[in-house]
Amino acid sequence: MATINCIGILTSGGDAPGMNAAIRAVTRTAIYNGLRVKGIMRGYKGLITGEIVDFTSSSVSNIIQKGGTILKTARCPEFREAEGRKRAYENMRVAEIDALVVIGGDGTITGAQRFAQEFDVPIIALPGTIDNDLSGTDATIGFDTALNTIMEAVDKLRDTATSHERLFFMEVMGNTAGYLALSGALATGAEAAIIPEMETETDQLKTLIDNGFRKSKNSAIVLVAENPATGGAMGLAERVKREFPQYDARVTILGHLQRGGSPTASDRILASRLGAAAISALKDGQRNVMIGIRDLEMVYVPFSKALSRTKSIRKENIDLVKILSI
Ligand code: ADP
């Protein structure tokens with residue numbers, strides 16, 4: 001195996017709070033271990049256009065507390081094409097980058113998997129997405145911060161919901177998964193979470209109404225995972241209007257607010273540990289794995305496993321939301 005002297009780092013896909021803390025950890029751990037570091041701008045796009053900058057320890061000063069990503073991020077359709085990936089590889093060689101650390105979600109890891117299949121490039125991925133929808137890891141960078149943003153928003157919504165005695169649907173992100181919605185409901189005492197994982201099993205809206213969710217309460221907040229399977233908050237509010245007109249349903253869509261903000265302590269620590277582990281993994285000869293965290297320990301997760309969608313929602317938490325909101 002070729003020796004690794006220089007690593008390239010990029011952030012790609014949807015940004016997530018804590019990505020900067022990860023960039024910092026990767027950079028400084030690499031430098032500590034005698035490696036050179038190059039920052040690749042705008043995800044895979046920067047590899048294709050050659051927008052690559054030398055990183056020193058001070059390149060990552062004063063960023064641990066900042067949301068977003070100093071490397072910027074972008075969607076890069078060219079990287080989906082073989083021709084684009086070839087150009088990316090050529091630019092990597094010109095920049096003398098021997099290995100990559102990519103930080104992003106399922107799309108980013110899919111791109112990394114393809115790139116590694118076609119070219120002899122060691123790649124380590126870090127799970128960076130607010131959605132927590134990658135398998136093989138208990139948490140992803142950004143999930144906890146987004147969850148806290150949702151919690152604050154629901155707390156505020158509760159004030160007005162209680163005053164007006166209304167049913168509120170609050171739509172939250174999550175991609176294909178209901179983690180943000182379900183954990184958000186647990187953290188706020190929301191009356192229910194409507195999530196894609198349950199959509200094939202039951203009509204979640206009907207169950208909610210049938211359970212008489214307002215029996216002992218004068219307001220109801222339901223967290224809805226944004227996903228075609230759930231119909232989203234707007235879709236549910238329209239159904240209520242049609243099928244249960246006795247209720248006055250309102251919609252709040254949190255949108256990109258969930259992506260922003262200073263990362264929580266938990267996300268900063270997670271990102272720092274994962275970032276350092278990425279360099280240890282390369283030093284150990286690991287390649288083409290995502291670093292995950294399981295039961296507080298760092299683990300190596302093959303790309304195929306990370307993308308396998310085998311992480312299941314905790315069904316008992318759905319019941320717990322119900323029990324705790326009687
Ligand atoms: P995320 O990583 O947050 O899931 P995206 O799904 O937008 O975000 O993916 C980020 C980038 O990863 C895409 O813009 C593209 O450059 C790359 N990518 C995604 N899917 C593929 C694929 N099937 N093949 C090659 N590259 C991909």
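1. I begin with T140, which in this predicted model counts as buried at 0% relative accessibility. T140 belongs to the loop that runs between β5 (123-127) and α5 (143-164), and its side chain makes a polar contact there, reaching the backbone nitrogen of N132 at 3.3 Å. The position is therefore one where a residue of a loop is nonetheless buried, since a relative accessibility of 0% lies under the 20% that marks the buried class.

2. Helix α5, which follows that loop, holds A161, and this residue too is buried, with a relative accessible area of 0%. The C-alpha atoms of A161 and I221 are separated by 7.6 Å, although the two residues stand 60 residues apart along the chain. When inspecting A161 in the viewer, the reader may want to display I221 with it, as the pair brings together two separate stretches of sequence.

3. On the overall fold, the chain contains 12 helices and 11 strands. Its radius of gyration is 21 Å, close to the 20 Å that the globule rule gives for 326 residues, and the chain is therefore as compact as a globular protein of that length. Taken along the principal axes, the box that the C-alpha atoms fill is roughly 65 × 35 × 30 Å. Of the 326 residues, 53% count as buried.

4. The aromatic residues deserve a point of their own. A pair of aromatic rings is described by the distance of the centres and the angle of the planes. The count for this chain comes to 4 aromatic pairs. One of them joins Y44 and F79, whose rings are stacked, with 3.9 Å from centre to centre and 0° between the planes. This pair links distant parts of the chain, because Y44 sits in helix α2 (residues 44-49) whereas F79 sits in the loop between β3 (52-55) and α3 (82-94), 35 residues apart. Both Y44 and F79 are buried.

5. A further pair is formed by F115 and F119, and here the rings are tilted, at 5.4 Å from centre to centre and with 55° between the planes. The angle decides the label: 55° is not under 30 degrees, as stacking would require, nor over 60, as an edge-to-face arrangement would require, so the pair falls into the tilted class. F115 and F119 are both buried. Together with Y89, the residues Y44, F79, F115 and F119 make up one aromatic cluster.

6. Y44 also merits attention outside its ring pairing. This residue of helix α2 has a relative accessibility of 5% and so counts as buried. Its C-alpha atom is separated by 8.6 Å from that of T108, although Y44 and T108 are 64 residues apart along the chain. T108 is in turn listed among the closest residues to the ligand.

7. Turning to the ligand, 16 residues surround it, and the closest of these are R75, C76, D106, G107 and T108. Several of its contacts are made with the protein backbone: an oxygen atom of the ligand is 2.6 Å from a polar backbone atom of C76, an oxygen atom of the ligand is 3.0 Å from a polar backbone atom of G105, and a backbone N or O atom of G107 lies 2.9 Å from an oxygen atom of the ligand. The ligand has 550 Å² of accessible area on its own, of which the protein covers 87%.

8. The loop between β3 and α3, which carries F79, also includes two residues whose backbone should be looked at with care. N62 lies in this loop and has a positive phi of about 60° although it is not a glycine. K72, placed in the loop between β3 and α3 as well, likewise has a positive phi of about 60° without being a glycine. As to accessibility, N62 counts as exposed because its value is 54%, while K72, at 42%, counts as partly exposed.

9. A last point concerns a charge placed over a ring. K311 lies over the face of Y179, at 5.1 Å from the ring centre. The cut-off for such a placement is 6 Å between NZ of Lys and the ring centre, so the distance of 5.1 Å meets it.

Key: Residues numbered from 1 in each chain as written. Predicted model: local features only at pLDDT ≥ 70, side-chain atom pairs only at ≥ 80, totals over all residues. Heavy atoms only, no water. Phe/Tyr/Trp six-rings, centres within 6.5 Å; stacked < 30°, edge-to-face > 60°. Helix = DSSP H or I, 4+ residues; strand = E, 2+ residues; numbered from the N terminus. Buried < 20%, exposed > 50% of the residue type's maximum accessible area, 1.4 Å probe, protein only. Lys NZ or Arg CZ within 6 Å of the ring centre and 35° of its normal. Near = heavy atom within 4 Å. Polar contact = N/O pair within 3.5 Å; in protein donor to acceptor, adjacent residues only side chain to side chain. Areas by Shrake-Rupley, 256 points an atom, 1.4 Å probe, with all protein chains shown as cover. Rg over C-alpha atoms; globule rule 2.2 N^0.38 Å.
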